[in-house]
Amino acid sequence: MIETWRWYGALDKITLDQVAQTGATGIVTALHEIPYGEIWPQEVIAARNDQIKAAGFVWSVVESLPVHERIKRGDGDLAELFASYRQSMANLAAEGVTTICYNFMPLLDWTRTDLAAPVARGGTCLRFSAPKMAAFELFMLGREAARADYSSDVVQAAERWFQKSTDADRQALLNAIMSGLPGAFDRYDIAGLREALALYDGIRRDELRTNYKRFLDEIIPAAQELGIRMCVHPDDPPRDILGLPRIVSDADDIAWIMSAVDAVENGLTLCSGSLGANPANDVSGIAVQFEDRIHFAHLRNVRKDPDGSFEEAAHLDGDTDMVALISILLEIETARGVQIPFRPDHGHELLWDVEQGNYPGYPLIGRMRGLAELRGVMRALDRV
């Protein structure tokens, strides 16, 4: 497998020289400075690619080429947005960048309630607390319908948390939930989030699927012409949230997507952390089921609680058997005659990571530890 590293370009405090010391050979990045829906100019892509090459790397995967919210909502005349997306794809292909990770999560990207939950023996991790998320929905957003989305025990715990919380606690919770959005756009306060959610009123699972099918119909033929592999990222967490439907959460969802446009270019980012947060998901089984469509992998682990909460475990700990999953991915590579790029997705903040102010989930030392552990598993399996 190809060892890669997610890098945020000029927005990242971690330099390419530092990334080189992790042992990674590929870079996963995007033009995060460009607003959603605008064309990525070829000259800007070329400049980023030249920068990556000059540092001794290959630009392995684009993560992400964002899908505009109007496309997800099926809102109005979308011809220009689709055309811009295809032009960005063409400009990437012209520079030799041909694997594109994206997601179809309405409004929010990955969602956590705690950015610095303590880890045993030191360090911090990202955590999703079901009671705190329920408190946010019920008592900060005022979304009364959220009571139906949580157990009575979680709702009671949510109310207790909210009654004890300070203004600073509530602001920290809002900041954590907003932190999953990449780049520098579309951060919301409570009023702004209510307005953004209102734009999705009436859009349910079937309609979102219809809008997604339209996106695939518009994009995958261009991917076939350009030699691009598109790979959708699963929902994170893999459940409906804020009243928004999620349609990339389990094996049935993925099967629907793969059959919606049955082409190898319509592929999957196998994210073991996102899929692993759903107790019903067999991550290794999903890898086997969609072995011909996996074009990119995020390898991380989670530890789940019975109430629906979860936190990010060390890469070889947690609820997913990472050794078994890596063994399957290596077998898939051999059968297909390809190398799948992967990255150590997220990581604990360790040692002086805590003081660096990096993107939440993307510290240097914690991810380097994860990459080293994953590399060790792969080397050992290669000798079996």
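Student: What makes the span of H7 close to the expected one?
Tutor: H7, a helix (a DSSP run of H or I with at least four residues, numbered from the N terminus), has 12 residues and reaches 17 Å from its first C-alpha to its last. The expected span is 1.5 Å times one less than the number of residues, which for H7 gives 16 Å, close to the 17 Å found. This is a predicted model, in which local features need pLDDT of at least 70 and side-chain atom pairs count only at pLDDT 80 or more, while totals for chains, interfaces and linings use all residues. Residues are numbered from 1 along each chain as its sequence is written, and side-chain values use heavy atoms, with hydrogens and water left out.

Student: Why are H6 and H7 called oblique to each other?
Tutor: The axes of H6 (residues 152-164) and H7 (residues 167-178) come within 8 Å and cross at roughly 125 degrees. Axes are lines fitted to C-alpha atoms, for helices over the stretch in contact, and angles run from 0 to 180 degrees between N-to-C directions. Under 35 degrees counts as roughly parallel, over 145 as roughly antiparallel, 65 to 115 as roughly perpendicular, and the rest as oblique. The pair is therefore oblique.

Student: Which residues make the contact of H6 with H7?
Tutor: H6 contributes Trp 161, Phe 162 and Lys 164, and H7 contributes Asp 169, Arg 170 and Leu 173, where contact means heavy atoms within 4.5 Å.

Student: Which residues of H7 are buried, and what covers them?
Tutor: Leu 173, Leu 174, Ala 176, Ile 177 and Met 178 are the buried ones. Their cover includes strand S5 (114-118), helix H5 (130-140), H6 and helix H8 (190-198).

Student: How do you know whether Trp 110 is buried or exposed?
Tutor: Buried means under 20% relative accessible area, exposed over 50%, and partly exposed in between (1.4 Å probe, protein chains only). Trp 110 has 8% relative accessibility, so this residue counts as buried. Trp 110 lies in the loop between S4 and S5 and touches, among others, Leu 115, Ile 177, Asp 236 and His 346. Trp 110 and Met 178 are 68 residues apart in sequence but 9.0 Å apart in space, C-alpha to C-alpha.

Student: What makes Leu 107 and Leu 351 worth listing?
Tutor: Most residues other than glycine have a negative phi, and most peptide bonds are trans. Leu 107 has a positive phi of about 70 degrees, and Leu 351 has a positive phi of about 50 degrees. Leu 107, in the loop between S4 and S5, has a relative accessible area of 7% and is therefore buried. Leu 351, in the loop between strand S12 (341-344) and helix H14 (364-382), is at 65% and so counts as exposed.

Student: Where are the cis peptide bonds?
Tutor: One joins Glu 63 and Ser 64, with omega about 0 degrees. Another joins Asp 236 and Pro 237, also with omega about 0 degrees.

Student: How do you know that S8 and S9 pair?
Tutor: Strands (DSSP runs of E, at least two residues) pair if DSSP finds at least two bridges between them. Strand S8 (residues 266-271) and strand S9 (residues 294-299) have 4 bridges, so they pair, and they run parallel. Thr 269 has Phe 296 in S9 as its bridge partner. Both strands belong to a closed barrel of 8 strands with parallel pairing, S1-S2-S3-S4-S7-S8-S9-S12.

Technical notes. Lists of a residue's contacts leave out its neighbours within four places in sequence.
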